Structures are given as C-alpha cells and as structure tokens.
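Q: Please take a close look at one part of this model and set it in its surroundings. I would like the packing and the charge pairs around it too.

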Amino acid sequence: MGRVTAPAPPPSGFRPADTGADAVLEGLDPEQREVATTLRGPVCVLAGAGTGKTRAITHRIAYGVRSGVLPPAGVLAVTFTNRAAGEMRGRLRALGAEGVQARTFHSAALRQLQFFWPRAVGGEPPRVLERKVQLVAEAAARSRIRLDRPELRDVTGEIEWAKLTQTVPEDYPAALVKAGREAPRDPAETARVYAAYEQLKRDRDAMDFEDVLLLTVGILQDRPDIADTVRRQYRHFVVDEYQDVSPLQQRLLELWLGERDSLCVVGDAGQTIYSFTGATPDFLLDFRTRHPGATVVKLVRDYRSTPQVVRLANGLLAQAGGRAAEHRLELVSQRPPGPEPVFTEHRDEPAEAEATAAAVRDLVRAGTPAGQIAILYRVNAQSGIYEQALADAGVPYQMKGAERFFDRAEVRQAGLALRGAARAGGANDAALEGAVTLPEQVGAVLGTQGWTPQPPSGTGAVRDRWESLRALVRLAEDFAAARPEAGLAEFHAELEERARVQHAPAVDGVTLASLHAAKGLEWDAVFLVGLTDGMLPITHARTPEQIEEERRLLYVGVTRARKYLTLSWALARSPGGRASRRPSRFLDGLRPGSGAARGRGPGGGGGIERGSGPASGRRRQREPARCRVCGSSLTEAAGIKLRRCADCPATMDEELYERLRGWRLERARELGRPAYAVFTDVTLTAIAEDVPSATEELARIPGVGPHKLRQFGEEVLALCAGRELPAGDGEKAAAGDGTAAGPEPGRDGGPESPAGAGPEPDPFDGFWEEPEGVPPEAAG
C-alpha cells in the first residue's frame, strides 16, 4: 500500500443536508473517509497503532453532526481514560461538533446513576469510595486472614476482576477454573475477603467504581421506563478501544443500545493487554457475528512511526499465536525512513540504567525535547534505578501516575490567579497591560506567579514548577488556536473542566512509565528496558494466552515510538553478579544474531551494541558484593548499598543519620530538587553505617557517584567528622530544626499506601495498572 492519495468522493446516494460538512472530510485517507461517511448501521473499525483512529471517529461524529444525520445531544462517545475523553471533546469542538458527550464508561454510568437513583431507589446514592484497598484490608482482618502488602494488592485486583466479570463471592472459585485464571492465593480465602468487603460497603452505604457499573446495569435492567429515557437521550454510540471492554461494560453498552444498531466500535486485538481486569477482545472479534450487516473498515496506514519501527512491530506480531494473532493488522508506515531500532546488551542493571540515561541526555542535547522521550518498563519496581540514573545525569523526568497535575500547588495557585484576572477584566488588571492575545494574557498573569519565558538553570522542584506553568501557557496557545474568540474567562472554564476530569496538559521531562501505563501515548524516542525472560514475559505468565498477552505488551511498547527506539537488557541484576539472564524470547529472530524468526513477516533491523553507551563503557568489572557482617553474597539493591544483609545487625550512627537528613533537606531546598535527588535514604543509611573519613572511603559507597562526590563530598565528610558546616552549607538543617523528620513518602522505606504502589489509580481515568507480582530476579 502506497502513500495517501486524494480522498475519494462520498458514497453514492449520500446527500448531506449541510454542504459545509464536506470540509470535515478534507485530509482523511480513503479508509478514514469510509469510517467518517458510513453513518448508518453498525460499523467496526479495526485500527492499528498510529493509524489515526481518533481522527477517523471524531471526523465521523463531526461529519454526522454537520450533515444533520447525528444530533449532537444524541451522541455518546465512550472511551477508557479521561485523557482520551478530553482529547476527543477538544477535537470535536474544533470540528464544530459541540454538544456531543465524550465520557468514560464509569463517568457516563455515574452520571446516570446519580440522576436516576432518587427515582429508582429513593434518597441519595451511596458515596463512591476513592480507595478500596483500606476497606479490603479491613475485610481481611474481619475474616481473620492476614495479608501483607503484596497479598493485599493481589486480593484487591481479584475483587476488581470478579466484579467486572459479574462474579459474586460464592462463585469466585468456580469462575477462576472456568476462565483458566491462576489465583494469586487460596480462592476460598479470597472469596471470604470479597464477601466481607461487600458487606462492609453495604454497612457504610458506600460503593466502589465497579459498583457504579453494576448498579447502573441493575437499574436499566429492572426499570424499563428509565432505560427508555436513556435511549431517547442517546441514540448513537461510538466506543473507542473496544478490545478492552469487560463483560460488564459490554452489558451496559447493550442496555444503552436496546434494539437499535447505531453503533461504531474501534479497536485492535493486537493491543489487548488488560485481561487481568476482565477485558477481552472477543467482543471486537465477534462483532460481525453479532451484527451480520456490519461495515468493517481496516486502518493500517501508520502515521506515527518510521518504516524501521513499523517493521519491527510487524515482525513481533508475525510470531504471535492465538485468536488475536489471526486477526493481526499489518501496518504500513507513511513516514520517511528513520534510524534502525537499536538493541543493547549490558552486564548488569546499573550499567543498563546509566547507559540509558546517557543516551537520553545525548538526545536532549541534540535537540529532542525531554517531554518527547520515554523510558518504559514492565513493572513499577524497575523505576527506581532509572530515576537515580536520570537525576545523576541532570535530566528532568516525570513519573506517569505520580502527583496529579491539577493537584500541584503551583497549578492551584495559577488557577486562582487566572480566575481573579478573568473576573477583573483586562482593563482593571495592571498585569495584563499590553497583553492582547489569550496566550499573552495567560503568560502575563502567570508572570505574577514566577513564570518566565526562559527556563531556570536549575533542576528539581524549581524546574518542575516552571514546567507546570509552561504547560498552562502551551495549553492557552492550543486553546486560542481552537477558539480564537475565547478570552480569559473561557480559558479558566476550560481549566476547571479539565481539573474536574483530570485531563492534564503535557509537562516537559522524560517520562518514566510502565508498559501498561504507556498505552495510548507516544513519543519521539522510546527506551524499552529490562527486556529479559522472567520480566517480559513476566514469570507468572505461564499459559499460552498469558504469554501472548505479554508479547502484545511489548508490541504496545514498540509502537509508542515515532522515530528512535532502543531495546535493552542486562545479563545480571547486580554488578559482579552471575550473567544468567537471557534476552526476552520475543526478540528471537528480530535482534541481529538471534536466529531466524518464526512465522511470517520481516525481522527488525538495527545493530547490536554489547555493553554499549558511554556510561557502560566506563564501568570497571567488579567483584560480587558481600555482606560485611556475615560475608554472604549480596543480590538485593538495598543490601548492596548498605553492604550488609537485611537481617544482619546494623551499626548505624543514629545521630549522624539525623544530621545527614537535615543537611540533605536544606541542600535540596537550595538546589530546588527533591530530597532524594541529593541522596536516597538508603545511601544516607550506608554513610551513617560506614562513617567514612576520607574521600576514597565515601566514593566506595554505592549511590555516591563522581558527580555527587564532587558536589557534596566535602560537606558529607565534615558531617561524618562531627564538624560544623560553614554558614550557607546546610547549617540550619544540620543543627536540626524539626523539619527533617520522617522519610520522603514512598521512597526508600517511607510511608506508602497499603497496596505498596502509591495512590490507587482512579478508574475514571481508565484501566489501572496490573497488580504485579515481581519475580525474584526483578526485585530491587
């Protein structure tokens, strides 16, 4: 298939009422145009990664609205994340299709549930639990079942799966067998916790996010009059990411539809990666069976990735098996050629992280924005070593799934300032003097909050604050381009709506994210790290179906890259460790020197670099780390840093440790960085246990690299010697002002959520990350 040709004319016999609707079709390729103009009956769009599916369906809705076929208030577009729903609303608004509802399954259901509850049940609906994990912990305690944090996370995930598959507690063990699902713990015990959890919710008049769907389904099933009211309101449905629907979501969709067939679904079975939540591609693959007269359109022109990246992605799925693989889409790149994907092998994980950080730094220096680079891994436990490596390299980064954008202090303050300026009006606000356009006005208002067009020289908190404000300025630029007539009042209203649904703008900084969290996103450069057997596929993936889902997860990672793609792995976990790992089996036949690929499709090109990268090349071979107390070999990252086993007695100087923590806090404030970017808690503990007296001794402590030795070494040695620091070098903190107590939340032993994975993700923002059991070789 060649490049896009001139769009074909609309289907014969179709006469739009508004001739201006044809303008919506400009720029669509023939397949996208077919999607946009097929407005009658069921439509199934099989859309590969990067093929413009959002463009196709938003233009379909806009064309239907502007041609008079689809009434805006009668259209409900459903997707799985608030970010995707917000993006869809923005595109529809720009296309002149305002009034169309674009929501997640959960938010659409909650809106209906809250509206109809008084009529169907009476009184106020139950309150929605923001976090279910605490209640699950209480249910386990009531059931006299002891759960540690990983087990609590596993049981919470099992309860979510059971509810999304409409499985009640007493049927849970049998449902596991029927689904071929391997339980993380005794099914009978999980069923008891599940039953106790449900009772606790009833006792406290509360519901979780799965209940939102269940209760809405129940009302629509039991009250035909309410179902009719909903169907009179919404007559046309579009469902994005249809391969990710669960049986419960499919049931809700069927109740919304009734006997009608005005339904357009979009999906790609090759990107099904959420089966642990109950998602299944069967509804997508069986669509034509359920709707025999459906129109099926395949989108395979890839506008995102270079031919080199697409070749590797196609080769990856060419080796796949199972039903989803039978319906795989062979992508055809529409972009100019780019560099070949790079495969790199490293001795150990620290070498891999350092080489990755060095390559990222080189890309940034060469002109690739940090916000257009991502490092993706299989499990969140892998992030720490890359956070440290990027911090050491002086590269800003952001964690996907960390603090929400609109919860940041600087963003809240900026919102208040913009609201005040909007209310005062330009004529009454001196800050707006000379600012004409909306971006200029927003920039002027944010200037009172510390915004400057030029970035600060530092990193850490100062740079993070600047990036947040710059994201608001960029959002104002995009908003003004879409709505030239809009002013500060309209922009502030847009911010409030985005905050309500947590639709955050992009913030500059290298993205660190799991492969699950990266779904739906894209970057100029992507580094896929930790690609070893046991990690991808992960150890607990044992059945053929589970293995194939792991392959699709890697496919999702590959197809996030527009131009630069690096795939790397380490032969050992720790420096000096036994090189017992092997590259992921999914790379067999794709990486050079790995033998012929099985199945159809071409293999990916690119050169292999063994021990590559500036940082990797400089590392010297080290002996296995041993415990200084008992002499055993050390394998855990924390143990290597402390140079002792976790169970061996510590010899830490508690007073020195507190002085170091106070000093660190002060230095972090001076530098505008988070405290852990100076030294982590584990490194401080190691220093307080060793009490080094010379530079050479301090340099031997893991976590104290050459850069930090130059920057902080003299001060740390002074603290170790009990000397007072000169004024301005952390004197206040070293003296102890009470502000340094307690480790940073979620860092090196600091307080975390009971699930051990940070804040529980909001299902209103789509699918949360898989409850992950980290294999032994991945720990640390």
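A: Accessible areas here come from the Shrake-Rupley method with a 1.4 Å probe. On that basis the protein chain has about 32,800 Å² of accessible surface, and 51% of this belongs to carbon and sulfur atoms. The model is predicted. Of the chain's 780 residues, 54% count as buried. Its secondary structure comprises 29 helices and 17 strands. Among contacts with a separation of 6 or more, 78% join residues 24 or more positions apart.

Now the part itself: a sheet. It is open, has six strands, and pairs them in parallel. The order is β3-β2-β6-β7-β1-β8. The edges are β3 (101–104) and β8 (295–299); each has a single partner strand, so one side of each lacks a neighbour in the sheet. From one strand to the next, the twist averages 15 degrees.

Take one pairing inside the sheet. Strand β1 (residues 43–47) runs parallel to β7 (residues 263–267), and four bridges join them. Leu 46 stands opposite Gly 267 in β7. Helix α1 (residues 30–37) packs on the sheet and touches β1 and β8. The direction of α1 makes about 145 degrees with that of β8.

A second helix covers other strands. Helix α4 (residues 105–120) lies across β2 (75–79), β3 and β6 (236–239). Relative to β3, α4 runs at about 105 degrees.

Next, the nonpolar packing. In soluble globular proteins, nonpolar side chains tend to be buried together. The largest nonpolar core here holds 41 residues. Phe 105, Tyr 242, Leu 253 and Trp 256 touch the most other members. Helix α4 gives the most to this core: seven residues. Tyr 242 deserves its own list. Leaving out residues up to four places away in sequence, Tyr 242 has contacts that include Leu 253, Val 265, Val 266, Gly 267 and Phe 283. Gln 250 and Arg 290 are also among the residues it touches. Another core, of 40 residues, lies apart from the largest one. Ala 374, Leu 536, Leu 565 and Leu 590 are among its members.

Finally, the charge pairs. Side chains of opposite charge can pair when their charged atoms come close. The whole structure has 41 salt bridges. One of them starts from α4: Arg 119 meets Asp 225 at 3.3 Å, N to O. Asp 225 lies in helix α10 (residues 224–233), so this pair ties together parts that are 106 residues apart in sequence. Both ends are partly exposed: the relative accessible area is 42% for Arg 119 and 31% for Asp 225.

A longer-range pair serves as a contrast in burial. Lys 708 and Asp 392 meet in a salt bridge at 3.4 Å, N to O. Lys 708 is in helix α28 (residues 706–720) and Asp 392 in helix α17 (residues 383–393), so parts 316 residues apart in sequence are tied together. Lys 708 counts as buried at 5% relative accessibility, because the cut-off for buried is under 20%. Asp 392, at 37%, is partly exposed. Elsewhere, salt bridges with shared partners join Lys 163, Glu 198, Lys 201, Asp 208 and Asp 211 into one network.

Terms used
Residues numbered from 1 in each chain as written. Predicted model: local features only at pLDDT ≥ 70, side-chain atom pairs only at ≥ 80, totals over all residues. Heavy atoms only, no water. Pairing = 2+ DSSP bridges. Helix = DSSP H or I, 4+ residues; strand = E, 2+ residues; numbered from the N terminus. Axes fitted to C-alpha atoms, helices over the stretch in contact; angles between N-to-C directions. Contact = heavy atoms within 4.5 Å. Core = buried A, V, L, I, M, F, W, Y, C linked by side-chain atoms within 4.5 Å. Buried < 20%, exposed > 50% of the residue type's maximum accessible area, 1.4 Å probe, protein only. Salt bridge = Lys/Arg side-chain N within 4 Å of Asp/Glu carboxyl O.
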